[in-house]
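The paragraphs below lead through one protein model, moving between single residues and the elements around them. It may help to keep the display turned towards whichever part is under discussion.

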Amino acid sequence: DRYGKPTEVVLELTRDIKLGWKKAREVEREQEVRQKENESLKAELQDLKISVSSDTLLKLRLFRECAGADGLTVKCVYSGEVINVARLFSPDVEIDHILPYSQTLDDSIANKVLCVTSANRAKGNQAPFQAFGHSPAGYDWKAILARAATLARGRRRRFDEDALSRFQAEGGFL
């Protein structure tokens, strides 16, 4: 109802069969590693006396992936404000879709970063360059790019000037 009738339906059936035995086993090992990581994150949340939910698990996962050398802090990629574990679970910190979900339908972890709520509001429903490329008051595009350069490649490239158009030209997210 919201987006109209689909223009295309893609079915992937038995894709694991074509992987072969060795590749399928590798996928299983990766799933086991992710399961152990999830259990570790859940235990850490319980130690912090934070309720376990998909949102808190994702926040902690992103925090651990992006933590600085000290392992105790993350900087908001947009504002540069420091996010520590105590602040992480407050309403002051949100998970942002780097490229807007409404335009890409990309809800993958590679399209997400932690940021302070005020920066997320300033970014709105725009790609990072659209929102901050002209360095509006309170935001410095060069500093944002420097902070984005520390992210994993899949996230970092979403800060390019042409990231949204490139994403759409590549066929988007199935």
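Is serine 135 buried, partly exposed or exposed? In this model, which is a predicted one, serine 135 has a relative accessible area of 34% and is therefore partly exposed, since the partly exposed class lies between the limits of 20% and 50%. The residue sits in the loop between H6 and H7, where serine 135 adopts a positive phi of about 50 degrees although it is not a glycine. Once residues up to four places away in sequence are set aside, serine 135 touches Asp140 and Trp141.

With that loop located, the whole chain can be surveyed. The protein contains nine helices and four strands, and their order along the sequence follows the pattern α-α-β-β-α-β-α-β-α-α-α-α-α. Its C-alpha trace spans about 55 × 45 × 35 Å along the principal axes, and of the 174 residues of the protein 32% count as buried. If one takes the contacts between residues at least 6 apart in sequence, 54% of them join residues at least 24 apart.

The pattern opens with two helices, and these can be examined as a pair. Helix H1 runs over residues 20-47, and because its 28 residues should span 40 Å at 1.5 Å a residue, the 41 Å between its end C-alpha atoms agrees with that expectation. Helix H2, residues 54-66, has 13 residues and reaches 18 Å from its first C-alpha to its last, close to the 18 Å expected. Between the two helices lies a loop that holds lysine 49, a residue other than glycine whose phi is nevertheless positive, near 65 degrees. With a relative accessible area of 76%, lysine 49 is exposed, the limit for that class being over 50%.

How do the two helices meet? Two packed helices are described by the angle between their axes and the distance between the axes. For H1 and H2 the angle is about 105 degrees, and the axes are 10 Å apart; H1 is therefore roughly perpendicular to H2, as angles of 65 to 115 degrees are classed in that way. On the H1 side the contact is made by Arg34, Glu37, Asn38, Leu41, Lys42, Glu44 and Leu45, which meet Thr56, Leu57, Leu60, Arg61 and Arg64 in H2. By class, this contact has four nonpolar, two polar and six charged residues. An α-helix has 3.6 residues a turn, so residues three or four places apart point the same way. The buried residues of H2 include Thr56, Leu57, Leu60 and Arg61, which also appear in the contact with H1, and among the other buried residues of H2 are Leu58, Leu62 and Phe63.

H2 leads in turn to the largest nonpolar core, which has 29 residues, and in which Tyr78, Ile83, Leu114 and Phe159 touch the most other members. At least two residues of this core come from each of H1, H2, strand E3 (93-97), strand E4 (112-116), helix H6 (128-132) and helix H7 (141-148), while H2 gives the most, with five residues. Phenylalanine 159, leaving aside its neighbours within four places in sequence, is in contact with Val77, Tyr78, Ile98, Pro128, Trp141, Ile144, Leu145, Ala148 and Leu151. Apart from this core lies another, of five residues, among them Leu99, Ala127, Ala163 and Phe167.

Two further buried residues can be followed through their contacts. Cysteine 115 is found in strand E4 and counts as buried because its relative accessibility is 0%. Its contacts, neighbours within four places again left aside, include Tyr78 and Ile83, both of which were named above for touching the most other members of the largest core, together with Cys76, Asp92, Val93, Glu94, Asp96 and Asn120. The C-alpha atom of cysteine 115 is separated by 10.0 Å from that of histidine 97, 18 residues away along the chain.

Arginine 155, for its part, has its place in helix H8, residues 153-156, and it counts as buried because its relative accessibility is 6%, where the limit is under 20%. Beyond its neighbours within four places in sequence, arginine 155 is in contact with Leu62, Glu65 and Cys66, and also with Ile98, Ile109, Ala110, Lys112 and Val113. One of these partners, Leu62, is among the buried residues of H2.

Definitions and conventions: Residues are numbered from 1 along each chain as its sequence is written. This is a predicted model: local features need pLDDT of at least 70, side-chain atom pairs count only at pLDDT 80 or more; totals for chains, interfaces and linings use all residues. Side-chain values use heavy atoms; hydrogens and water are left out. Buried means under 20% relative accessible area, exposed over 50%, partly exposed in between (1.4 Å probe, protein chains only). Contact means heavy atoms within 4.5 Å. The expected span of a helix is 1.5 Å times one less than its number of residues. Axes are lines fitted to C-alpha atoms, for helices over the stretch in contact, and angles run from 0 to 180 degrees between N-to-C directions. Angles under 35 degrees count as roughly parallel, over 145 as roughly antiparallel, 65 to 115 as roughly perpendicular and the rest as oblique. Ala, Val, Leu, Ile, Met, Phe, Trp, Tyr, Cys and Pro count as nonpolar, Asp, Glu, Lys and Arg as charged, and the others, Gly among them, as polar. A nonpolar core is a set of buried Ala, Val, Leu, Ile, Met, Phe, Trp, Tyr and Cys residues joined through side-chain atoms within 4.5 Å.
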